[in-house]
Amino acid sequence: MMIRSAAPADMPALFDLEAQTYGSEAYPSLFLHQALLQWPDLLYVACNEQNEILGYALFAPAAPKVNTPNSAWLMSLLVSPQARGQGVGKALTTFGLQHLVEQGIVQCMLTVAPDNASAIQLYQKLGFNTEVTIAHALGHNEHRLLLKWQHA
Ligand SMILES: CC(C)(COP(=O)(O)OP(=O)(O)OC[C@H]1O[C@@H](n2cnc3c(N)ncnc32)[C@H](O)[C@@H]1OP(=O)(O)O)[C@@H](O)C(=O)NCCC(=O)NCCS
């Protein structure tokens, strides 16, 4: 497995992975297309030896006026169902956090559904701490946990 910055040729596979996983709740292709243009250093893919996409992670800079300066958000972490449980998600997140630090970004936030045990466990293992529950963030009784990571 290899982790690298995303390239335009990867995007159709990312669109498919999003749509297959989240259906109508998926990030629109236009959003991901724009993300690649705006944050080419913050969109990463994991691929196998055949260059097939196993997963991706998208980070984005946090607005300094409302967030701690030099911080970012993890906007998406997604591993294809066949590739889960093999360290791909952990490798993508670790790679991304290392690159954030190289770019001078020392804090990373994300939100996750409170019942997403596998994701929460992954994030906790990498040093993310739960800050707060954002009640009804995505609608009635659809809460999100806000997690934060700080470079040591
Ligand atoms: C969450 C997700 C990214 C994990 O990716 P993955 O490649 O399967 O995870 P990894 O194999 O790297 O596992 C890393 C750690 O996560 C935890 N983990 C992963 N799968 C788990 C599961 N099914 N149950 C419990 N913990 C799990 C473990 O702590 C694991 O560490 P370990 O291998 O030392 O036990 C993947 O399940 C996924 O894409 N889910 C759908 C999208 C999603 O929920 N994204 C997060 C949105 S905030």
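Which residue takes a positive phi in the hairpin of E2 and E3? In this predicted model, that residue is Asn 51, with a phi near 65°, and the hairpin has five residues between its two strands. The hairpin makes a handy way into the rest of the fold, starting with the sheet it belongs to.

E2 and E3 run antiparallel and are joined by five bridges. One residue pair to look for here is Cys 47 and its bridge partner in E3, Ile 53. On to the next pairing: E3 and E4 also run antiparallel, this time with seven bridges between them. Here Leu 58 has Ser 76 of E4 as its bridge partner. E3 itself is mostly covered, with seven of its nine residues buried.

From E4 the direction of pairing changes hands, as E4 and strand E5 (residues 107-112) pair in the parallel sense over three bridges. Ser 71 finds its bridge partner, Gln 107, in E5.

Zooming out, the sheet is an open one of seven strands, and its pairing is mixed. Walking across it, the order reads E1-E2-E3-E4-E5-E7-E6. Strand E1 (2-5) and strand E6 (129-134) sit at the edges with a single partner strand each, so one side of each has no neighbour in the sheet. On average, and with direction ignored, neighbouring strands are turned by 25° against each other.

A helix comes into the picture next. H3 lies across E1, strand E2 (43-47), strand E3 (53-61), E4, E5 and strand E7 (144-150). Relative to E3, H3 runs at about 30°.

Then there is the ligand, which is surrounded by 18 residues. The closest of these are Arg 84, Gly 89, Lys 90, Ser 118 and Leu 122. Strand E4 (71-79), helix H3 (88-102) and helix H4 (117-125) are the elements that give two or more residues to this shell. The largest share comes from H4, which supplies six residues. Sorted by class, the shell has eight nonpolar residues, seven polar ones and three charged ones.

Two of these elements tie the ligand shell back to the sheet. E4, one of the contributors to the shell, is joined to E3 by seven bridges and pairs with E5 in the parallel sense. H3, another contributor, is the helix that lies across E3 and E4, among other strands.

Terms used:
Residues are numbered from 1 along each chain as its sequence is written. This is a predicted model: local features need pLDDT of at least 70, side-chain atom pairs count only at pLDDT 80 or more; totals for chains, interfaces and linings use all residues. A residue is near a molecule or strand if its C-beta atom, placed from the backbone, lies within 6 Å of it. Helices (H or I, at least four residues) and strands (E, at least two) are DSSP runs, numbered from the N terminus. Ala, Val, Leu, Ile, Met, Phe, Trp, Tyr, Cys and Pro count as nonpolar, Asp, Glu, Lys and Arg as charged, and the others, Gly among them, as polar. Two strands pair if DSSP finds at least two bridges between them. Axes are lines fitted to C-alpha atoms, for helices over the stretch in contact, and angles run from 0 to 180 degrees between N-to-C directions. Two residues are in contact if their C-beta atoms, placed from the backbone, lie within 7 Å. A residue is buried if 20 or more other C-beta atoms lie within 10 Å of its own, exposed if 12 or fewer, and partly exposed in between; C-beta atoms are placed from the backbone.
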